[in-house]
Amino acid sequence: MSLNAALNAAISGLRVNQAHVQLVSANVAHANDPGYTKKTLVREAANMGEGQVGGVQIAGFQAAISAQLRRQYESFTSANGLTNTQQEYLSRIQTLLGASSDTAALPDLFNKFTAAWQSFQSQPESAAAQHQVIAHGDQLGAEVRRIRAGIDQIDGEIRKDLDSATDELNDKLAKVFELNLRIKASDPNGAERLELIDQRDQIVREPANLIDVRSVERENGAIALFTPAGLSLLDGAPARFDFDGTNVISVDSGQ
């Protein structure tokens with residue numbers, strides 16, 4: 001064994017150890033980063049040539065990813081997004097109507113109006129009873145108009161939010177598609193691919209807040225996205241959607 005061969009073997013080992021230390025440091029530094037996946041380094045023996053001492057080299061990198069857990073996370077994210085959205089608007093409607101039966105004006109005014117009518121029926125000649133019916137009727141009508149205006153405002157804001165959410169969905173799908181292309185073009189065993197996958201998975205969580213998403217991994221490293229009903233969101237080129245004021249519609253299929 002020549003001194004040069006021994007030095008080459010030692011240097012290759014030092015380089016692999018240096019890369020491993022850097023990777024461990026990155027794992028520790030990003031331990032609390034929800035967009036980062038723990039990574040490990042894969043070593044393999046290096047063939048230095050016939051009669052030469054073998055060294056060690058980096059065979060690739062692996063990420064601690066469970067496809068099943070990721071799909072469950074996407075499902076939970078979708079359910080949480082739905083619950084939060086429903087809670088936000090129902091809370092506003094509850095505030096509009098009154099937090100409880102004790103503070104809700106509408107049933108109270110309706111009861112007063114009904115009582116005034118009953119009183120008027122028992123004494124139709126009473127001017128005071130007539131005035132009570134009119135006064136409580138005016139109050140009840142004003143409250144109904146107030147609630148109607150508030151419901152109309154909430155309805156308009158829901159439509160505006162749906163339009164914005166549709167644009168956001170199109171934007172996120174386009175970004176996932178772009179990262180899919182970069183992942184397919186990257187080295188399958190390189191660290192860059194894992195970083196790109198982390199970026200893509202983090203973006204996938206964002207449309208999962210808007211729509212129920214199911215991910216399917218492809219052999220080339222790309223990811224496809226579908227709804228639970230099988231509607232394709234992204235499988236190759238991304239689908240595009242439009243909000244027509246009532247429904248969210250697939251631009252390509254009209255569905």
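A residue counts as buried when its relative accessible area is under 20%. By that cut-off, buried residues make up 29% of the 255 residues in this chain. Please keep in mind as you read on that the model is predicted. The tour below starts with the whole chain, moves to a four-stranded sheet, and ends at T227, a residue in a loop.

**The chain as a whole**

- Five helices and eight strands make up the secondary structure of the chain.
- From start to end of the sequence, these elements follow the pattern α-β-β-α-α-α-α-β-β-β-β-β-β.
- Among contacts with a separation of 6 or more, 53% join residues that are 24 or more positions apart.
- The chain has an accessible surface of about 15,800 Å², and carbon and sulfur atoms account for 53% of that area.

**The open sheet**

- Four strands come together in an open sheet, in the order 3-4-5-6, with antiparallel pairing.
- Strand 3 and strand 6 (237-238) are at the edges with a single partner strand each, so one side of each has no neighbour in the sheet.
- Helix 4, which covers residues 127-185, packs on this sheet and touches strand 4, strand 5 and strand 6.
- The direction of helix 4 makes about 25 degrees with that of strand 5.

**Strand 3 and strand 4: a hairpin**

- Four bridges link strand 3 (residues 214-217) to strand 4 (residues 223-226), and the two strands pair in the antiparallel sense.
- Within this pair, E217 faces I223 of strand 4, the two residues standing opposite each other.
- The two strands form a hairpin, with five residues lying between strand 3 and strand 4.
- One of the residues in the turn is G221, which has a positive phi of about 95 degrees.

**Strand 5 and strand 6**

- Strand 5 (residues 232-235) pairs with strand 6 in the antiparallel sense, here over two bridges.
- D235 stands opposite A237, a residue of strand 6.

**A closer look at T227**

- If you would like a single residue to inspect in the viewer, T227 sits in the loop between strand 4 and strand 5.
- The relative accessible area of T227 is 14%, and the cut-off for buried is under 20%, so T227 counts as buried.
- Apart from neighbours within four places in sequence, T227 is in contact with I211, D212 and L233.

Notes
Residues are numbered from 1 along each chain as its sequence is written. This is a predicted model: local features need pLDDT of at least 70, side-chain atom pairs count only at pLDDT 80 or more; totals for chains, interfaces and linings use all residues. Side-chain values use heavy atoms; hydrogens and water are left out. Buried means under 20% relative accessible area, exposed over 50%, partly exposed in between (1.4 Å probe, protein chains only). Contact means heavy atoms within 4.5 Å. Accessible areas come from the Shrake-Rupley method with a 1.4 Å probe; for residues, only the protein chains shown count as cover. Two strands pair if DSSP finds at least two bridges between them. Axes are lines fitted to C-alpha atoms, for helices over the stretch in contact, and angles run from 0 to 180 degrees between N-to-C directions.
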